[in-house]
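Biologist: I like to know what stands behind each term before I trust it. Could you take me through this model and its definitions?

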Amino acid sequence: MADAEPWKTVKIPPIVQELATGMQEPPSRYVIAEQNRPTAAGFEMPDPIPIIDLSRLSANCADEVAKLRSALEKWGLFLAVGHGMEQSFLGEVMGVAREFFKLPLEEKQKYSNLVNGNEVRIEGYGNDMVVSEKQILDWCDRLYIIVEPENRRIYSLWPTQPPSFRDILSEYTVRCRKIANLFLQNLAKLLDLHEDYFVNMFDENALTYARLNYYPNCPKPDHVFGMKPHTDASVITIVFIDDNVSGLQLQKDGVWYNVPIVPNTLLVNVGDVMEIMSNGFFKSPIHRVVTNVEKERLSLVMFYTMNPEKEIEPLSELVDEKRPRRYRKTTTNDYIAKLFETFARGTLAIDTVKI
Ligand SMILES: O=C(O)CCC(=O)C(=O)O
Ligand SMILES: [Fe+2]
């Protein structure tokens, strides 16, 4: 969508959780143009969403690997079971996230993503960057923090309430790293690369971000997005979804499908950087979040990214005459910046690097 108006950082939007209290009509800045509105319910998926048992994947069971291949070809994601995290531990993880968002605003603002009250940085509590008065805002607040490597954590942005928040998120980070590495190894094997090919690309400066999303209930769910359609700028992503409320939708061939809730599973998806490096063998799924009249919704998302300075391009092993390179070279830093800009505009970052 061409837009001649220059994009600039504009007024900081309010915290949606505050705005939503007692509200009957979402303000116009949240309201999506009629033709883009999410239907109250998406379509049900034609087949059940693929569920992969990670314990079988780590034992190299051929049928599980085949299932993974087909899940990635079809959807670019899967639901993971056999991840070794007990139900009680996952309950604690979602519990501390919920407790954080329940804190009084002044307490949450201690971790604000605003610098000097008017500049927005990625990390911290608040909203995503707003670059235009015309930008449609999402019905969502979030806390964004770096969790890996440990020496890059900014603990002043890690909540001290509830008191177990830090320990639980640290433990969750360790557990998810195992899942991430197993997934990366299997992606490499599916491309006939050495199994540690991708794992080794993550050096000591590769960053993992945790994003806690909070979607307040909304009186007009079909007029707003919890999160606009996007793909993730990560290499891979692990999403832990509130098991009370659905809302995540996936796009395939122009149709939006509801991702069903399956308790105690984690959703694992390919990100744009993997799509680029694999020269399009793996596709980063387009997804969005819709809201709910009655219930708030939470998710905790782990984004695995490379060293911000590292160049990203299709692997030479995956480029040949029959399959020429499909994406331009970029860096993680540039790509993440691009993602925020395109996300704000309502376009897709991946389209900016396609050849
Ligand atoms: O809340 C969700 O289910 C997904 C959130 C998401 O897509 C993201 O944070 O990138
Ligand atoms: Fe996402």
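Modeller: Below we go through the ligand site, the metal site and some backbone details.

Modeller: First the ground rules: this is a predicted model, where local features need pLDDT of at least 70, side-chain atom pairs count only at pLDDT 80 or more, and totals for chains, interfaces and linings use all residues. Residues are numbered from 1 along each chain as its sequence is written, chains are lettered from A and ligands numbered from 1 in the order in which they are written, and side-chain values use heavy atoms, leaving out hydrogens and water.

Biologist: What makes a residue part of the surroundings of ligand 1, and how many surround it?

Modeller: A residue is near if one of its heavy atoms lies within 4 Å of the molecule. By that rule 13 residues surround ligand 1, with Asn-213, Tyr-215, His-287, Arg-297 and Ser-299 the closest. They divide into 6 nonpolar, 4 polar and 3 charged, where Ala, Val, Leu, Ile, Met, Phe, Trp, Tyr, Cys and Pro count as nonpolar, Asp, Glu, Lys and Arg as charged, and the others, Gly among them, as polar.

Biologist: Why is the pair formed by Tyr-215 and ligand 1 called a polar contact?

Modeller: The term needs a pair of N or O atoms within 3.5 Å. A polar side-chain atom of Tyr-215 lies 2.7 Å from an oxygen atom of ligand 1, so the pair qualifies. Arg-297, at 2.9 Å, and His-230, at 3.1 Å, also place side-chain atoms within that limit of a ligand oxygen.

Biologist: Which elements give two or more residues to the shell around ligand 1?

Modeller: They are β7 (208-215), β8 (227-230), β13 (286-289) and β14 (297-304), and β14 gives the largest share, 4 residues. Strands here are DSSP runs (E, at least two residues) and helices are runs of H or I of at least four, numbered from the N terminus.

Biologist: What makes His-230, Asp-232 and His-287 donors of the iron ion (ligand 2)?

Modeller: Donors are N, O and S atoms within 2.8 Å of the metal (3.2 Å for Na, K and Ca); water is not among the atoms, so sites may look incomplete. His-230 (NE2), Asp-232 (OD) and His-287 (NE2) lie 2.1 to 2.2 Å from the iron ion, so they meet the cut-off. Their spacing along the chain is H-x1-D-x54-H. Because His-230 lies in strand β8 and His-287 in strand β13, the pair ties together parts that are 57 residues apart in sequence.

Biologist: Which peptide bond leading to Pro-149 is cis?

Modeller: The one from Glu-148, with omega near -5°; Pro-149 is in the loop between β6 (141-148) and α6 (165-190).

Technical notes:
Polar contact = N/O pair within 3.5 Å; in protein donor to acceptor, adjacent residues only side chain to side chain.
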